[in-house]
Amino acid sequence: MFYPHWGVEQMTLFSLARKNIKGNFNNYFVYFVTLVFSMVIYYTFTSLQYSEKIQESIELSDTMSFMFGVSSIILILFVAIFILYSNSFFTRKRKKEVGLYAILGLRKKTIAKMLFYENLVMGIIALVIGIILGTLLSKLFAMILIKLMGSIAEVDFGISILAITQTVIVFMVIILFTSVQGYRLIYRFTLIELFYDEKKGEQIPKVSLITAVIGVIFLVVSYWLILKPFPDEFTTEYLIKNYGIAFVALVIGTHLFFRSVTVYLLRLSQKNKSRYYRGTRIIETSRLLFRIRGNARTFTVIALLSAATICFLGATYSGYYSNEKRAKEVVPFSYSHLSKGPEFDSQVESIIKADHRHPIKAQLDIPVIQVKGILSFQLDYDINPVKLISESTFNKVANALNKDETVSLSGNQAAVIQPRFTEYTKSVFKGENITIQLPQGSIELPFVHMVESNVLPFDYPDFFLVVSNEMFAKIAKKEAPLTYKVYEVENEVTAQATSKKVNKLVGNDFQVSSSFYTEYKQGKEGNAITLFIFGFLGLVFLAASGSIIYFKQLTEANEAKGQYEILRKIGVNKKDIRKSIKRQSLFVFGLPLTVGILHSCVTLYFTSNFMSNLIGINLIFPILMAIVFFVIIYAVYYVLTVNTYNRIVNK
């Protein structure tokens, strides 16, 4: 037997693989675009991670490198799963074609090589395009990140060799693995299976009312646990126990909903004979019914990930835009430091006064007495040392910070300043008292009020009491107060240079920064990086999940061509068939998205209350924006799916 030269054979196989890619490009297009987009995002993350200019311009460079590194790993795992799933779709679609090559006399090894080259060539093309686009767009993405962080760093166009190398290595491993999977296709199936696998009969799913009821119960229980009002004093143990059970019930309930509840409702709709036999309803309901159990796992994952992504995007977006408010609660004044003598205090003051771009609006001394206190009731919070300030000092602070909240006290009366990051209300302290222990005895102070205006930067335990001027003077004779110097300046969000000088001189007086700008800047950078990462990971998830549903619909379209041909022969026009395709695709795209949105809305109640109680963040608007964004992206995939499905079955 004559065997052609190896080089000629390889050229022939490459040519055939190239023709196959061109001939099937309509089917490959969505997969190809999603693959390229994933490569662009991965390259962007990697290039930003290695960018020295960006790391030099921000204060959280170590955090940024870690977060981008973790995000890159998550992206790799997600993209790998997506590629493997997409490959299984193309494998199933190409079985008959591969069987035809075998009938024509091509050896299994030759067919396997052709499939290997085909997948490899397309992967390499996608990788090249992805790296080129990533390189071109990396400056734009870097500028977006810099803008979000509020930095003034200049980003030059550059090519990151490290990012290119890492991207090539990672995706070549994935591409080679999937190419080997394609190579093994011809060896995994017999010739009969290659031709008749898609003609295998599908079993009608059995209706289980018990399973459907259990699924509904799990969802109701999970929603009930999530929507339960917070107890007056909730602990970490309560959060883990209550919401851990809710999460498990939500996952199980969601899967049972798609696997059993939806089947039950579809079978129920079949009993409505007048509607079931009208137009193309019979084929729509039948196809949805046959496929719903096969899609249950995919729909469950998409619904749960959609809910999680919407909540994460909403929370991150809201945290980013609420950062200044949060920073002001943590560090009320522009600069704060513990007095360490006239010489040291003068040094700090001269640095702040030398900044003419940020003139001083208010300058105060805040005497604070630290004592040991015993509450008349049990509070799940460590209060010692209790920090006392006078009524007049608190009112001066409120005036300097433009707060409307003032106090008026007499005798032994005391007002508690709400400890930060707690949800204690006035009712918790109403009618209660605290006993202050001093070297020469103790004093009982009844609570008459609770205020929310903070005085000094956060330093746990954050338990401040405001007492009357007379009481403060009395206690000060027995326990010497510490004096804190505070300054409020104009346009404090831009006081970068002065904040660095003050921080270097002051050191660590508190558990957070002594300057507002540093706390604000670190919070903005952290939220900006998180928003940037979640935004792009969300886009990749949307593109991949939309593509997966698209491929599922195309698989069904190719298998249903004969059924639609029969419909046309018995008189159903193309317009009605297109309407039928629209309804089926709307069900397939809309069902997991609707469930995901419903889950996110329920989760919104917990997340919004929890975060608003802790850091004053409202999530309603940002989560609504995330939902709208999801709906728009899925709508694009829906239109694309309807058009492609229609071209396949309605020619």
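Biologist: Which way do strand S4 and strand S7 run, parallel or antiparallel?

Modeller: Happy to start there, with the reminder that this is a predicted model. Strand S4 covers residues 414–417, and strand S7 covers residues 464–467. The two are joined by 4 bridges, and one residue pair in that ladder is Ala-414 with its partner Val-467. The direction of S4 and S7 is antiparallel.

Biologist: And which residue in S6 stands opposite Ile-417?

Modeller: S4 is also joined to strand S6, residues 441–451, by 4 bridges. Here the strands run parallel. Opposite Ile-417 stands Val-451.

Biologist: Are the faces of S4 covered or open?

Modeller: Side chains in a regular strand alternate between the two faces of the sheet. In S4, Ala-414 and Val-416 lie on one side, while Ala-415 and Ile-417 lie on the other. These residues are all buried, so with buried meaning under 20% relative accessible area, both faces of S4 are covered.

Biologist: Let's move to the helices. How is H13 oriented relative to H19?

Modeller: Helix H13 spans residues 323–330 and helix H19 spans residues 516–559. Their axes come within 9 Å and cross at roughly 140°. Angles over 145 degrees would count as roughly antiparallel. The crossing angle therefore makes H13, relative to H19, oblique.

Biologist: What is the handedness of that crossing, and how many charged residues does the contact have?

Modeller: The crossing of H13 and H19 is right-handed. On the H13 side, the residues in contact include Glu-324, Arg-326 and Lys-328, and on the H19 side they include Glu-519 and Lys-524. By class, the contact has 4 nonpolar and 3 polar residues, and the number of charged ones is 5.

Biologist: I'm curious about Thr-483. Is Thr-483 buried, partly exposed or exposed?

Modeller: Thr-483 sits in strand S8, residues 482–489. Its relative accessible area is 28%. Buried would need under 20% and exposed over 50%, so Thr-483 is partly exposed.

Biologist: What is the separation between the C-alpha atoms of Thr-483 and Gly-341?

Modeller: Beyond its neighbours within four places in sequence, Thr-483 is in contact with His-337, Leu-338, Ser-339, Asp-365, Ile-366 and Pro-367. Gly-341 is 142 residues away from Thr-483 along the chain. Even so, their C-alpha atoms are separated by 10.0 Å.

Biologist: To finish, what share of the residues in the protein count as buried?

Modeller: The protein has 22 helices and 8 strands. Among its contacts between residues at least 6 apart in sequence, 84% join residues at least 24 apart. Of its 651 residues, the share that count as buried is 51%.

Key: Residues are numbered from 1 along each chain as its sequence is written. This is a predicted model: local features need pLDDT of at least 70, side-chain atom pairs count only at pLDDT 80 or more; totals for chains, interfaces and linings use all residues. Side-chain values use heavy atoms; hydrogens and water are left out. Axes are lines fitted to C-alpha atoms, for helices over the stretch in contact, and angles run from 0 to 180 degrees between N-to-C directions. Angles under 35 degrees count as roughly parallel, over 145 as roughly antiparallel, 65 to 115 as roughly perpendicular and the rest as oblique. A crossing is left-handed if the near helix is turned anticlockwise from the far one by less than a right angle, and right-handed if clockwise. Contact means heavy atoms within 4.5 Å. Ala, Val, Leu, Ile, Met, Phe, Trp, Tyr, Cys and Pro count as nonpolar, Asp, Glu, Lys and Arg as charged, and the others, Gly among them, as polar. Buried means under 20% relative accessible area, exposed over 50%, partly exposed in between (1.4 Å probe, protein chains only). Two strands pair if DSSP finds at least two bridges between them.
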